[in-house]
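Trainee: Please pick one part of this structure and take me through it closely, along with what surrounds it. I am new to this structure, so go one step at a time.

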Amino acid sequence: MRLPRFEYSEPGTLEEACSLLAQADTKVLAGGTELLVKLKQKTITPRALVNIKSIPHLDRIEETEDGGLSIGPATTLHAAATSPLVRDRFGLVAEAAAAVGKPRIPYMATLGGNLCLDGRCFYYNQSLLWKQSLPPCYKDGGHLCHVVQGSDHCNALFVADTVPPLIALGAEVTLTGVDGETRMPLEDFYTGRGEEVNVLQPGQVLSRIRIPAPPPYSTGVYLKHSLREAIDFAVVGVALLLTVSPEDGTCRDARVVLGSVATRPLRAVAAEAALRGKALDEGLVRTAATLAAKETHPVSHLGVSATYKRRVIETLTKRAVRQAWRQAVAGSGSREGWR
Ligand SMILES: Cc1cc2nc3c(=O)[nH]c(=O)nc-3n(C[C@H](O)[C@H](O)[C@H](O)COP(=O)(O)OP(=O)(O)OC[C@H]3O[C@@H](n4cnc5c(N)ncnc54)[C@H](O)[C@@H]3O)c2cc1C
């Protein structure tokens, strides 16, 4: 498949990028591992692309004064996965970055691109020729969903691997446009609408990702299940940040975030509430996992049935709690925020 024609620019500053992006029908290009595929399939045909990798310092990872991290969106997933700053205290983010389309994709793909990933759908991520054989769906401007007959909205799945761990850690993003900057929790960046996955407006760039210092006595895990293991999207991804009381070993706080189960990343709030304030034992692990599977309502999609997805949510949540708990008991063995 050949790329369609488009105008191309490499701005030297964020301001320049924003004013180029404010022009009609212009898209940000980062690693291109998603965008260029869509261009080849003619899923989208923008008039112009603005390559943000040419902007100096947008690929930096820096410690912030309050002990957190500030990561530029053009940081490659490989750099995020191998940076000692990320690995040592935010290991679940490093694990997720390494798991994106491994082994090749992380060398080109960026963290910002992963956060801005569009929803995926068997009927949408296809060539124009293939799609023209069916009526257009909501995501293509039509009035139906091919995945869920009778649905009043698009059911494209949100599958980006690095997002659940970043939400579990309470990350924030900065959006920069011609009118200035907006800062928001990453959790609020997603709309839950498959048609328009995030709140980015034309002319805006996701310009920074900030992760606060993890709470004391906390430890984190990201587990992903995919069908092929290599170069494959998650069937389910589970991120867990577990904070333990140093006095009696009970769970002080838990944040469980699921990926690839809905049109947005989902907090498993019932599972979190079940864990909070309790002594961790095998019964509690099972209860939390059952709740996580029950409170999500996946649809059968991308070759995976809803029943199978629920089973995977349950299994991965169990494994994640057990693993985080083991790390917590080992104390210094955990890599995020144990002090
Ligand atoms: C074979 C294959 C396997 C894959 N496997 C996985 C996987 O396992 N897990 C997974 O999560 N993803 C996977 N992907 C999807 C994709 O490669 C990754 O999500 C990647 O991180 C996207 O980053 P990128 O820099 O290449 O984004 P690009 O392709 O450059 O951009 C993606 C989208 O984000 C927008 N964008 C990028 N950066 C910004 C920014 N800073 N501000 C505003 N908008 C921006 C672009 O305009 C575009 O709409 C896979 C892709 C392929 C082709």
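Mentor: A residue is called buried when its relative accessible area is under 20%, exposed when it is over 50%, and partly exposed in between. Keep in mind that this is a predicted model. The part to look at is helix 5, which runs over residues 91-99.

Helix 5 is mostly covered, with seven of its nine residues buried. Those buried residues are Gly 91, Leu 92, Val 93, Ala 94, Ala 96, Ala 97 and Ala 99. The elements that cover them include three other helices, namely helix 3 (77-82), helix 4 (84-89) and helix 8. Three strands are also among the cover: strand 8, strand 9 (218-225) and strand 10 (236-244).

The next point is what the helix belongs to. In soluble globular proteins, nonpolar side chains tend to be buried together. Here the largest nonpolar core has 42 residues, and helix 5 supplies the largest share of this core, five residues. The members that touch the most others are Leu 115, Leu 166, Val 173, Leu 186 and Ile 211. Leu 186 serves as an example: leaving aside residues up to four places away in sequence, its contacts are Leu 115, Val 163, Leu 166, Ile 167, Ala 171, Glu 172 and Val 173. There is also a second core, separate from this one, with 31 residues, including Leu 242, Ala 268, Leu 280 and Ala 288.

Now follow the chain out of the helix. Just after helix 5, Gly 101 has a positive phi of about 50°. A cis peptide bond then joins Lys 102 to Pro 103, with omega about 5°. Pro 103 is in the loop that leads from helix 5 to helix 6 (111-115).

Helix 6 brings us to the ligand. Helix 6 supplies at least two residues of the shell around the ligand, and so do strand 2 (26-29) and strand 8 (205-211). Strand 8 has already appeared here, as part of the cover over the buried residues of helix 5. The shell has 33 residues in total, and the closest are Val 28, Thr 33, Leu 35, Thr 110 and Asp 161. By type, the shell divides into 20 nonpolar, eight polar and five charged residues.

Some polar contacts can be named. A polar side-chain atom of Thr 33 is 2.6 Å from an oxygen atom of the ligand. A polar side-chain atom of Asp 161 is 2.7 Å from a ligand nitrogen atom. Gly 31 takes part through its backbone, where a polar atom lies 2.8 Å from an oxygen atom of the ligand. On its own the ligand has 970 Å² of accessible area, and the protein covers 92% of that.

Thr 110, one of the closest residues to the ligand, is also touched by Thr 75. Thr 75 sits in the loop between strand 5 (69-71) and helix 3, and helix 3 is among the elements covering helix 5. Thr 75 counts as buried because its relative accessibility is 1%, and the cut-off is under 20%. Besides Thr 110, and not counting residues up to four places away in sequence, Thr 75 touches Leu 58, Asp 59, Arg 60, Ile 61, Ala 80, Ala 109 and Leu 111. The side chain of Thr 75 reaches the backbone oxygen of Asp 59 at 3.5 Å. Thr 75 and Lys 53 are 22 residues apart in sequence, while their C-alpha atoms are 8.8 Å apart in space.

Gly 101 has a positive phi, and a positive value is also found in residues other than glycine. One is His 57, with phi near 70°, in the loop between strand 3 (48-51) and strand 4 (61-63). His 57 is partly exposed, because its relative accessible area is 45%. Another is Leu 302, with phi near 50°, in the loop from helix 11 (282-295) to helix 12 (306-330). Leu 302 also counts as partly exposed, at 36% relative accessibility.

One last residue is charged and yet covered. Lys 139 is in the loop between helix 7 (128-131) and helix 8 (163-168), and helix 8 is again part of the cover over helix 5. Lys 139 counts as buried because its relative accessibility is 12%. A polar atom of the Lys 139 side chain lies 2.8 Å from the backbone oxygen of Gly 194.

Methods:
Residues are numbered from 1 along each chain as its sequence is written. This is a predicted model: local features need pLDDT of at least 70, side-chain atom pairs count only at pLDDT 80 or more; totals for chains, interfaces and linings use all residues. Side-chain values use heavy atoms; hydrogens and water are left out. A nonpolar core is a set of buried Ala, Val, Leu, Ile, Met, Phe, Trp, Tyr and Cys residues joined through side-chain atoms within 4.5 Å. Buried means under 20% relative accessible area, exposed over 50%, partly exposed in between (1.4 Å probe, protein chains only). Helices (H or I, at least four residues) and strands (E, at least two) are DSSP runs, numbered from the N terminus. Contact means heavy atoms within 4.5 Å. A residue is near a molecule or strand if one of its heavy atoms lies within 4 Å of it. A polar contact is a pair of N or O atoms within 3.5 Å; within protein, one must be able to donate a hydrogen and the other to accept it, and residues adjacent in sequence count only if both atoms are side-chain atoms. Accessible areas come from the Shrake-Rupley method with a 1.4 Å probe; for residues, only the protein chains shown count as cover. Ala, Val, Leu, Ile, Met, Phe, Trp, Tyr, Cys and Pro count as nonpolar, Asp, Glu, Lys and Arg as charged, and the others, Gly among them, as polar.
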